[in-house]
Amino acid sequence: MTSDKLTQYRPAIKEDALNLARFYKSIHKPAKIVALPTSKEIKFLIENETAFYFMAENKSDIIAIISIMPEKEHGLAKIHQMIISPAEKNQEKIFLKLLNFTVDYIEKNLKAIDMLYCTTRTLKSRQQELTINAGFKILGIFPKTMPSLPFEISGLTAYYFHDALSIRRNDNIKLHPVIKPFFAIAGKECGLKALPLGKISSESEPNFDLPILEIIQAPHFVSRKFNILKEQKMLSVNFYPFQKPNTLITDPDQKIEIFVNIIEELNFATIIGERLKTQVNPVKLYKEIANILQKKNITYIEVINDAGDIQGIDCILKAGYLPCVYFPSLKNHGNKKRDYVIFAKSSEINGTVKTKINNKIFTKYVKEFKKLI
């Protein structure tokens with residue numbers, strides 16, 4: 001155990017790469033050492049600013065780190081890891097001080113980052129709870145994170161910098177009625193003014209036949225094809241932060257192309273982008289995507305959509321995907337930032353969903369989510 005008075009907090013520089021690699025190795029038991037970052041890899045990440053490390057040190061020994069991953073195109077950053085030496089007794093106190101230092105450093109020195117967020121997919125529930133103590137806003141919940149906890153609800157928290165909410169956010173949108181309760185909670189968290197409801201088209205769903213769809217799991221091929229289409233701006237959906245596709249769902253004529261990221265060990269998938277060269281019934285399409293993925297033992301699927309796209313959201317809802325996160329100012333669009341909604345579809349969701357985090361805001365999201373199950 002170290003003395004708190006001797007603990008210093010600072011960002012890592014490239015010369016810290018060797019000590020950071022040694023710290024990773026010291027934390028993980030030999031039997032669990034799988035793809036730990038090398039000093040060369042860490043140095044490369046720091047030099048190219050593809051990752052930032054913030055450290056708590058005592059007498060030049062690293063005792064804790066917070067690593068974040070930036071997404072430069074849209075001014076985002078995600079907390080990737082919060083790791084501390086098991087010998088430290090005041091772990092939460094050290095983490096909170098390091099987290100506060102990280103937020104303060106980003107605000108003063110990393111002007112390109114508009115928002116820092118985290119989920120419990122890479123953090124423990126208690127670690128995410130500390131982000132709330134550091135001023136992060138609670139934006140929603142996720143109804144599943146691990147196969148061993150099928151009904152466990154975790155959440156998403158975010159810290160906004162500069163004028164991401166006050167000036168740059170595009171608030172000239174109308175909401176789908178089902179989204180309104182989720183916005184009401186997130187909006188109050190972020191101090192946003194109310195948004196009006198929009199009208200849903202009364203037109204019947206288009207009666208187009210859906211061709212046979214097949215799944216192609218070829219990560220390099222899929223990633224390359226996705227990047228080409230993205231560069232050519234030929235994708236109607238092309239944004240899911242920190243996710244890259246490794247799977248393609250398509251028909252024999254390739255008139256329908258749905259790009260998906262699958263994490264098999266979590267039975268988890270995210271729909272990242274699509275290209276449609278034929279008319280389809282979007283409700284049937286998204287239902288069929290779920291059927292195909294569920295046959296691959298995927299029990300949890302996410303899709304993201306612009307909060308102002310009322311008709312698109314209506315189709316996603318009719319296909320059985322439920323809103324779980326309202327994400328203000330997520331994506332850059334010109335000189336403005338647009339709100340997005342995350343939807344979840346799980347074959348394991350039932351009425352017993354719960355959260356390990358004892359927080360009234362999380363409880364509000366859980367109540368709204370349960371109304372839709």
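**Exercise 1.** Which residue in β3 is the bridge partner of Met-55?

*Solution.* Let's start with the strands of this predicted model.
- Step 1: Find strand β3, which covers residues 61-71 and runs antiparallel to β2. Seven bridges join the two strands.
- Step 2: Look across from Met-55, and you reach Ile-65, its bridge partner in β3.
- Step 3: Follow the chain from β2 to β3, and you pass through a hairpin with two residues between the strands. Lys-59 sits in that turn and has a positive phi of about 55 degrees.

**Exercise 2.** Work out how β2 is joined to β1, and whether β2 is enclosed or not.

*Solution.*
- Step 1: Strand β1 (residues 7-11) is antiparallel to β2, and five bridges join them. In one of these pairings, Gln-8 has Glu-57 as its partner in β2.
- Step 2: Now sort the side chains of β2. Phe-52, Phe-54, Ala-56 and Asn-58 point one way, while Tyr-53, Met-55 and Glu-57 point the other way.
- Step 3: Buried means under 20% relative accessible area. Seven of the seven residues of β2 (residues 52-58) are buried, so the strand is largely enclosed by the rest of the structure.

**Exercise 3.** Find the residues that touch the most other members of the largest nonpolar core.

*Solution.*
- Step 1: This core has 77 residues, and Tyr-321, Tyr-326 and Phe-327 touch the most other members.
- Step 2: Helix α7 (residues 282-295) gives the most to the core, with seven residues.
- Step 3: Leaving aside neighbours within four places in sequence, Tyr-321 is in contact with residues including Tyr-286, Ile-289, Ala-290 and Phe-343.
- Step 4: Apart from this core lies another, of 28 residues, and Ala-56 is among them.

Note on methods: Residues numbered from 1 in each chain as written. Predicted model: local features only at pLDDT ≥ 70, side-chain atom pairs only at ≥ 80, totals over all residues. Heavy atoms only, no water. Core = buried A, V, L, I, M, F, W, Y, C linked by side-chain atoms within 4.5 Å. Buried < 20%, exposed > 50% of the residue type's maximum accessible area, 1.4 Å probe, protein only. Helix = DSSP H or I, 4+ residues; strand = E, 2+ residues; numbered from the N terminus. Contact = heavy atoms within 4.5 Å. Pairing = 2+ DSSP bridges.
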